[in-house]
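Where does a ligand sit when a protein chain is divided into domains, and what surrounds it? The questions after the structure take this up step by step.

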Amino acid sequence: MKKINVSIVGASGYAGGELLRILLFHPHVNVLQVTSRTLAGQPVGVAHPNVRGITDLIFCLPQELKACDMLFISLPNTLSMQNMAGFGKIARKIIDLGADFRLNSQDAFAYWYKKEHSLPNLLSKFIYGLAELHRSEIKKAKYVACAGCEATVSILTLYPLLKHKLIEEDSIIIDAKMSSSQGGHVLTSASHHPERAGVVRSYKPVDHRHAGEIEQELSPFAKKIKVAVSATTIEMVRGLLVTIHTRPKKEISEKDVWKAYRSEYSKEPFIRIVKEATGNYRYPEPKILTGTNYCDIGFALSERENRLVAIGAIDNLGKGTAGQAVQAMNIMSGFPETAGLTFPGLHPI
Ligand SMILES: NC(=O)c1ccc[n+]([C@@H]2O[C@H](COP(=O)([O-])OP(=O)(O)OC[C@H]3O[C@@H](n4cnc5c(N)ncnc54)[C@H](OP(=O)(O)O)[C@@H]3O)[C@@H](O)[C@H]2O)c1
């Protein structure tokens, strides 16, 4: 199979770096160029020591990008829409890891991001990057917008439960435990080691932006969908865990929940249902997903509490962004969907 040439804008960041790591070992990809304004002219190992010695790639400036088959954009929010006219000339196919094109409507964008969208006509051209929900559209897409990391794991954990009418649609509470790499590589006072180390910090207890994406993507399965997302930062560099509290719609059994998940996910290569009676790893845990494209999903049902708690875990930089982007690229390019994504993680880690 002929290799495609791909480039990454914003490759010195955490999401771009993970994308580079995956793509360097992809059997059908040649990484042509990677950008960083601050590290232009320097080898990529300066930013990502894990790829030292395995590639000769040197960072270039965004304005030095040449034509390629596929362009990945991994920039802070709003920079992708500001520069899209230029990016569109570099590649016919674009995968954006950022938030600019995830929402379908400009009103929703203005509501959640407190800014007017500068390219509202392009919003409908971007396909939401979750293969499990949009595989056939991604296959034909020119432009893909990868889901946010909290949104990825929340949507994947919830949609089978809503589609199979097992839970109430207006009383869903998503308790998200976040890692420090979600904040990107730029140092802030909140990420300074003495301020960040060891914290259990309520970061966004209400009105988290990803609620917009989650409601958008779940609305085909539940018209009155309403989710509340509470995000807490914890002592973890990579990984994301959501504990989702839901009310069963009727009397449901564990068998019903298994059936819903199995019917949606038995053929999905990157979704695993994790619910064991014994052992250390009875429910999903982000630690063992580090570097993988898996989303592990589990659940616990309480008759006494009238509650179904669904649990989802991912690597925020894996299935939560770079892995998801490569999965979308594979689908768009006619490659095997799992190409470059078969790393099973490490244990112990
Ligand atoms: N981190 C995560 O867990 C995660 C998860 C899901 C989605 N995402 C999304 O992925 C995107 C990147 O996130 P990140 O965490 O990798 O951020 P990051 O670590 O801060 O990296 C940002 C990258 O963009 C470049 N950049 C910044 N300002 C630029 C400008 N004005 N023009 C050109 N390049 C610029 C930076 O390099 P230079 O400054 O050297 O140019 C760097 O390579 C964001 O949209 C984020 O929402 C991240």
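The questions and answers below concern a predicted model, and they go from the domains to the ligand.

Q: Which domains does the domain assignment of the protein chain give, and how many Å separate their centres?
A: The assignment gives domain 1, which is made of 4–147 together with 319–333, and domain 2, which covers 150–316. Taken over C-alpha atoms, the separation between the centres of domain 1 and domain 2 is 24 Å.

Q: Which element supplies the largest share of the side of domain 1 that touches domain 2?
A: The contact between the domains takes 20 residues from domain 1 and 24 residues from domain 2. On the side of domain 1, at least two residues each are supplied by α3 (106–113), α4 (131–140) and α9. The largest share there, 6 residues, comes from α9.

Q: Where does the ligand lie with respect to domain 1 and domain 2?
A: The ligand is surrounded by 31 residues, and the closest are Gly10, Gly13, Ala15, Gly98 and Gly184. Because domain 1 and domain 2 both give residues to this shell, the ligand lies between them.

Q: Which element gives the most to the shell around the ligand, and with how many residues?
A: The elements that give two or more residues to the shell are α1 (14–24) and α9 (318–333). Of the elements, the one that gives the most is α1, with 3 residues.

Q: How many residues of the shell around the ligand are charged?
A: The shell divides by residue class into 13 nonpolar and 17 polar residues, with the charged class completing the division. The number of charged residues in the shell is 1.

How values were computed. Residues numbered from 1 in each chain as written. Predicted model: local features only at pLDDT ≥ 70, side-chain atom pairs only at ≥ 80, totals over all residues. Near = placed C-beta within 6 Å. Helix = DSSP H or I, 4+ residues; strand = E, 2+ residues; numbered from the N terminus. Nonpolar A, V, L, I, M, F, W, Y, C, P; charged D, E, K, R; others polar. Domains from an automatic or database assignment. Contact = placed C-beta atoms within 7 Å.
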